[in-house]
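Q: Hi! Could you walk me through this structure? I'd like to start broad and then go to the charged pairs.

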Amino acid sequence: MKMRTISWMLGCCLLIGLAGCTKAPAKVDGGASALSSDAAPLSSVSSRPPANTGAHDPEEAADMGFEEDVRTEAERTEEQWAEALTERNPLDLYNRSDPKAHTVKPEKKDGVYLLTPYEIGEFMNVNEDDPDTEWLDPNGKEYGFFNDFFGGCSEWCRYELYQKAIASSALPNKSGLTYSAENLLVDFDYDERDYAWCEGVPGDGIGEFVEISRVLIEPFYDYEEYIKETDNFLEISKPLPQGVQKPFQYDCLCIVNGYAKNNETWKNNNRVKTLALYVDGTYYGDIQLEDTIKPQYIPLPDVESALFKETKFKFVIKEVYKGSQFDDTCLTGIAFGFTGLPAGH
């Protein structure tokens, strides 16, 4: 298993599958034999600097032509949330989340959640040279949360994300192309819609699953003495200092259903109608997705985690929307929103 550390690139960070494999720009025929998937390579998304919104020193700020920001931290946070709810959504520059997720109260049946999209979003085109340029675009390649792309402080400038994905099956490689579970993971790239996980068993893939494991850490001066990489993921090699395992909450998902490379590819292949979601091995609920190529935003209430703690999300196919040509069921990407951690500096 290898780890990849990814640096801040051109002022943007984006969602895609892991590097270290060749992504699939074209769909292969359905009905291929299944491949059992081993654990995917470990990915580390490194800390990045915050956006250059002004100098910290008042005199330096004046020299650069910036006005000093005299707001308190609470005032800044409150204004960011207000802007997120009224202007661009999803947008939360502090917690990499969607504030609308906190206004939704999903139903429960027999102790598990019945989850449906609270919003259908839009793809994005990123202009790293001019972040203020309109970037919502039905033909865009990117999706997820606003501060995956521009400025802001969340996991990208204070924390590091480690993750892996495994699947019960995947379509076999063809001409160096893959359809593996790692294509769902967060990484840096500009063509997320070109890649997808496609299950690889005969038929519609009912019961096939992908499991994504995530560990978020806040580096401290000698943190590498406390954690180590293993074939299984990360392990804490000795007790962590008191107070470093700060709690936070996963609170929403962004899911792109089907193989969303383009409308034709999306229609040709199966899409997921219902996913069963398990969190750390416990049945959490069912996600009922709409049959749309656009990003879907799903609330995740009551999912607690902490820094340096591994959290596992297992998605099991229960029902599908039929494709026009192939019976392979695909997902293009899953992005995770979270809240509850201090902003980066």
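Q: How much area does the protein chain expose, and what share of it do carbon and sulfur atoms supply?
A: The protein chain exposes about 15,100 Å², and carbon and sulfur atoms supply 47% of it. Accessible areas here come from the Shrake-Rupley method with a 1.4 Å probe, and for residues only the protein chains shown count as cover. Please keep in mind that this is a predicted model, where local features need pLDDT of at least 70, side-chain atom pairs count only at pLDDT 80 or more, and totals for chains, interfaces and linings use all residues. Residues are numbered from 1 along each chain as its sequence is written, and side-chain values use heavy atoms, with hydrogens and water left out.

Q: Thanks! What does the secondary structure come to?
A: The protein chain has 4 helices and 16 strands. These are DSSP runs numbered from the N terminus (helices: H or I, at least four residues; strands: E, at least two).

Q: And how much of the chain is buried?
A: Of the 345 residues in the protein chain, 54% are buried. Buried means under 20% relative accessible area, exposed means over 50%, and partly exposed is in between (1.4 Å probe, protein chains only).

Q: On to charges: how many salt bridges turn up in the whole structure?
A: A search finds 8 salt bridges, each a side-chain nitrogen of Lys or Arg within 4 Å of a carboxyl oxygen of Asp or Glu.

Q: Which residue does D194 pair with?
A: D194 forms a salt bridge with K141, and their closest N and O atoms are 2.9 Å apart. The two are 53 residues apart, with D194 in the loop between β6 and β7 and K141 in the loop between β5 (119–120) and α3 (155–158).

Q: Is D194 buried or exposed?
A: D194 counts as buried because its relative accessibility is 13%. K141 has a relative accessible area of 24%, so K141 is partly exposed.

Q: What about E218, which partner does that one have?
A: E218 forms a salt bridge with K246, again with the closest N and O atoms 2.9 Å apart. E218 lies in the loop between β8 (209–217) and β9 (227–229) and K246 in the loop between β10 and β11, so the pair ties together parts 28 residues apart in sequence. From C-alpha to C-alpha, K246 and E218 are 9.1 Å apart.

Q: What else does K246 touch?
A: Leaving aside neighbours within four places in sequence, K246 is in contact (heavy atoms within 4.5 Å) with residues including R158, A306, L307 and L341.
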